[in-house]
Amino acid sequence: MSITPAQAARSELAGFKGELKGPDDDGYDEARAVYNAMADKRPALVARCADADDVSRVIGFARAHGLPLAVRGGGHHGAGLGTVEGGVVADLSPLKTIEVDAPARTVRVGGGCVWSEVDRATHEHGLATPSGIISSTGVGGLTLGGGLGHLTRRFGLSVDNVLEADLVLSDGRQVRASADENADLYWAIRGGGGNFGVVTSFLFRLHELSTVVAGPTFWPAEQGAEVLAAYRDFLPRAPREVNGFFMYGTVPPAPPFPESLHLRKVCGVVWCHTAEDPEAAAHHMAPLLDALPDPLLHAVSPMPHPVLQSMFDGLYPPGDQWYWRADFVDEIPDDAVALHAKFGPEVPTMKSTMHLYPIDGAAHDHSSTDTAWSYRGARWACVYAGVDADPSNTDLIKRWTVDYFDALHPYSAGGAYVNMMMDEGQERVRASYRDNYARLARVKAAYDPDNVFRLNQNIEPDPRGPA
């Protein structure tokens, strides 16, 4: 009788310090779970890696046995790319090192950290780095795909704040990528996803930030066209201290929202103003608020940055069904506003939503070729997310998401933020990297010529090899 991959791993991975889980082991279902329950796959082996040497061993094991390899940091990716049917998962979650150097304004972060852990550590020193909008998200996945969030307009993308990274390559070598070491790899990982190696640690630049003035402003969903048109004109002219993403959704039936608004369909703006002064924040928000009818709710107040980062964690715990579509957007013409006003109020479930994330301000300080993240000229990243806890609603949330996306895609810039894409094929991946794709393919040929790291938004190695 043949042995299973999990049995083989226990026999062959001498010196492995972490934990190996196969389908017959206690805790396997917990070990294989990812954030999106729609990605319900059964790996042959989940290897929880304790250090970079463990990662190297697992890569070698997967290659030796001809098994596909998935790499998981926080496991948040919409397409469930942190798992694989019948293959090997290199689970980085034990890599939890966080070292804040306050005088240097840097933090070194293990590849298995989630953002809540980093936010807490840096906040103790009155510092922060850009880190998305849900604090349970893994540092590695969000960063390697670009890193949009509440701090984008003030401090740029997460990739704009990566100073160096330590990686394990497909041949098991451990290298560092920075402006001075393996500069081509450093360029590629800043937006190119997990295509080039397994990042076991990042070094991020930190910024002075403790308290933000933040929270939602909601209007009735049927006023969406008026609100979006005003937001479209307001936000690009606002100071960099002002970040606010536009959304359609449903008010959760729970505090801190008043009962009169529970389950009300709304549109609105979720604000983050990086000045601590509420009066300055109110002054900068006023041009939008004064141009619109009185909102249903304006719940904006000073709060610690980690509180804002964790605001959506309770609404979106692990285990929901998620179906995504996304696009970059340069402009939002009136015809696009009208289409948003049609589809946005039709959110099919309480958790389903549409967001328009700003990507101007500090994100525009870099050119399209400074990092692998190509869409520096875009103004927004639009995401349509059908979400529900009940698997029986999967078709419902998929249909709304795809219909909404199909209607608005003609008004897009072409590609999308790879962290918010499903498995949509090579054409979409190429469109999301545009002219940077050819260079990325050459870097891929240099560092992963056999495409070992292919369970991602895959960049195929240039068959001609590295230039």
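**Figure 1. Elements that cover the buried residues of helix H12 in the predicted model.** The cover over the buried residues of H12 includes four strands and two helices, namely strand E13 (242–250), strand E17 (321–329), strand E18 (353–358), strand E19 (380–388), helix H11 (334–343) and helix H13 (426–433).

**Figure 2. The buried residues of helix H12.** These residues are Thr394, Ile397, Trp400, Thr401, Tyr404, Phe405, Ala407 and Leu408. In an α-helix there are 3.6 residues a turn, so residues three or four places apart point the same way.

**Figure 3. Helix H12 from end to end.** H12 runs over residues 394–408, which is 15 residues. From the first C-alpha of H12 to the last, the helix reaches 22 Å. This is close to the 21 Å expected at 1.5 Å a residue.

**Figure 4. The chain around these views, with its 14 helices and 19 strands.** The radius of gyration of the chain is 22 Å, and the globule rule gives 23 Å for 467 residues; the two values are close, so the chain is as compact as a globular protein of that length. The C-alpha trace spans about 70 × 50 × 45 Å along its principal axes.

**Figure 5. Interior and contacts of the chain.** Of the 467 residues in the chain, 59% are buried. Among contacts between residues at least 6 apart in sequence, 73% join residues at least 24 apart.

**Figure 6. Surface and charges of the chain.** About 17,600 Å² of the chain is exposed, and carbon and sulfur atoms supply 49% of that area. The chain carries 40 positive and 60 negative side chains. The centres of these two sets lie 4 Å apart.

Technical notes. Residues numbered from 1 in each chain as written. Predicted model: local features only at pLDDT ≥ 70, side-chain atom pairs only at ≥ 80, totals over all residues. Heavy atoms only, no water. Expected span 1.5 Å × (residues − 1). Buried < 20%, exposed > 50% of the residue type's maximum accessible area, 1.4 Å probe, protein only. Contact = heavy atoms within 4.5 Å. Rg over C-alpha atoms; globule rule 2.2 N^0.38 Å. Areas by Shrake-Rupley, 256 points an atom, 1.4 Å probe, with all protein chains shown as cover. Lys, Arg positive; Asp, Glu negative; His and termini not counted. Charge placed at Lys NZ, Arg CZ, Asp CG, Glu CD.
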